[in-house]
Amino acid sequence: MAREGEGMTRTTPPRPLDITGVFPELAGLARTAFRLHPVPGEPTVHDSSVGGPLLWPADEPWPEYEMAPIPHWEANALRDIHLRRALLARSSAPPHGPGEVLTEDEQETLRRINTGLDHESLPSGPQPMIPLAQLYARDVPGLAFPEGTDLLQVLWATTYVPSRDSSPVQLRWRRCAEVRDVLAAPPEPAYVAVVDFVPVPCVLHPEAVREFPPYHSLDEDLAARLLAWDEQRSGGTYWTDLSVAPGWKAGGWPTHFTFREPPEPDDDELRCPECGGPSDALLTVDSNEWDGSDSWIPLECAKGAERPPDQPYGNLWDPTQVSIGRGYSLQIYYCVGTPSHSPALIMQ
């Protein structure tokens, strides 16, 4: 029997036009990105996933991070976060209204969870990180795996951190055949400082798409001509429809810069925090699977498309329930020369 989330392909509609027919010089700048298309489900350690279990060696220490509780945020236990989501999903499923199918005990459980943990009772010291993503090379062919590896694991801490601090995210590149004894019960943090950083476990349906650089990555002349061309069009534009795909993705071009000036190519933010060498886009963690343009909505997710009744439209748009800041994205860059180095992070 197929697990929940399996067998649900995702297909990005063709772009409104072939931009290389208008600007041939873009052809040499195309990159392949993999839209991961997360779908809530029950991934195993042998699956590519978001928020799923990792193929982690039993004899390897689990990474930790020194978290500081944030006074104005509610701290919760990880298991309570998953329980609250399950209860809310069940109570809101058609044909019931919110709360209609919850028992008095379950409603009391929700009230307890919503109250959060007492900050004064939270333990001090480092806390285990949680899985963010696991990608097998077979599912994202062409992604730059270091020689001899075929598995990427990304873990992170569930707390806000100062800008330019890469320590809350860790990468592990592995050869999966070398993992013989798998850690059966990974440690969990005693509390989560930011609930929106806990992903719903999702299976992935990676899809290769062609991307072109955002304006700030182009030379000034080409960027100016593209902007002028955009202004003469009605409907879709290079910015919204033809350059960079939204949503969770691996590789490709970095997403657009939204609330601050983009860095220059030699900016420290785009270089390895350990050796200062060049970094490149590895993983984009997005708050939504598509943005203001409907052209990126997968055919299977479009309004009116047939889908199971327990998959409301909003869950398709936000399947992981991860939110970065006020609906932004987190871009994770890896060191090109030494991929095992700490990643560089940019929030857009």
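A residue is called buried when its relative accessible area is under 20% and exposed when that area is over 50%, with partly exposed residues in between. The views below show a predicted model.

**View 1. Confidence of the predicted model along the protein chain.** The protein chain has a mean pLDDT of 86, and 84% of its residues reach 70 or more. Confidence is highest in strand β3 (residues 49–50), at 98. At the other end of the range, helix α5 (residues 313–317) has the lowest confidence, with a mean of 67. Where pLDDT is low, the predicted coordinates should not be read in detail.

**View 2. Helix α2 (residues 104–115), with its buried and exposed residues.** For the 12 residues of α2, a rise of 1.5 Å a residue gives an expected span of 16 Å, and the end C-alpha atoms are 17 Å apart, which agrees. Thr109, Leu110 and Ile113 are the buried residues of this helix. They cover an arc of only 100° around the axis, so they lie on the same side of α2. An α-helix has 3.6 residues a turn, so residues three or four places apart point the same way. Exposed residues Glu104 and Thr115 are carried on the face of α2 turned away from its buried side. After α2 comes Gly116, which has a positive phi, near 80°.

**View 3. Helix α3 (residues 220–232) and its packing against α4.** The 13 residues of α3 reach 19 Å from the first C-alpha to the last, close to the 18 Å expected at 1.5 Å a residue. Which residues of α3 are buried? They are Leu222, Ala223, Leu226, Trp229 and Asp230. These residues cover an arc of only 125° around the axis, which puts them on the same side of α3. The buried residues of α3 pack against α4 (238–242). On the face turned away from the buried side, α3 carries the exposed residues Glu220, Glu231 and Gln232.

**View 4. Strand β6 (residues 130–136) and its partners β3 and β7.** Is strand β6 largely enclosed by the rest of the structure or exposed? Because 7 of its 7 residues are buried, β6 is largely enclosed by the rest of the structure. β3 and β6 run antiparallel and are joined by 2 bridges. In this pairing, Ser49 stands opposite Gln134 of β6. β6 also pairs in the antiparallel sense with strand β7 (residues 151–156), over 6 bridges. Ile130 stands opposite Trp156 in β7.

**View 5. The surroundings of Ser49 in strand β3.** Ser49 has a relative accessible area of 0%, so this residue is buried. Neighbours within four places in sequence aside, Ser49 is in contact with Pro43, Leu132, Ala133, Gln134, Cys202 and Leu204. One of these contacts, Gln134, is also the residue that stands opposite Ser49 in β6.

**View 6. The largest nonpolar core, with 49 residues.** Trp156, Leu283, Val285 and Ile332 have the most contacts inside this core. Two or more of its residues come from each of α1 (78–92), β6, β7, β8 (169–174), β12 (279–286) and β13 (329–335). Another core lies apart from this one and has 12 residues, among them Leu26, Leu218, Leu222 and Leu242. Residues up to four places away in sequence not counted, Leu283 touches Leu36, Leu132, Ala133, Val154, Lys249, Leu330, Gln331 and Ile332. In soluble globular proteins, nonpolar side chains tend to be buried together.

**View 7. Strand β13 between its pairings with β12 and β14.** All of β13 is buried, 7 of 7 residues, so this strand is largely enclosed by the rest of the structure. With β12, β13 pairs in the antiparallel sense over 7 bridges. Thr284 stands opposite Gln331 in β13. Strand β14 (residues 344–347) also pairs with β13 in the antiparallel sense, over 4 bridges. Here the bridge partner of Tyr333 is Ala344 in β14.

**View 8. Thr338 in the loop between β13 and β14.** How is Thr338 classed, given its 30% relative accessibility? A residue is buried under 20% and exposed over 50%, so at 30% Thr338 counts as partly exposed. Thr338 and Pro278 are 60 residues apart along the chain, and their C-alpha atoms are separated by 9.7 Å.

Key. Residues numbered from 1 in each chain as written. Heavy atoms only, no water. pLDDT = per-residue confidence, 0-100. Buried < 20%, exposed > 50% of the residue type's maximum accessible area, 1.4 Å probe, protein only. Pairing = 2+ DSSP bridges. Core = buried A, V, L, I, M, F, W, Y, C linked by side-chain atoms within 4.5 Å. Contact = heavy atoms within 4.5 Å. Expected span 1.5 Å × (residues − 1). Arc of directions from axis to C-beta.
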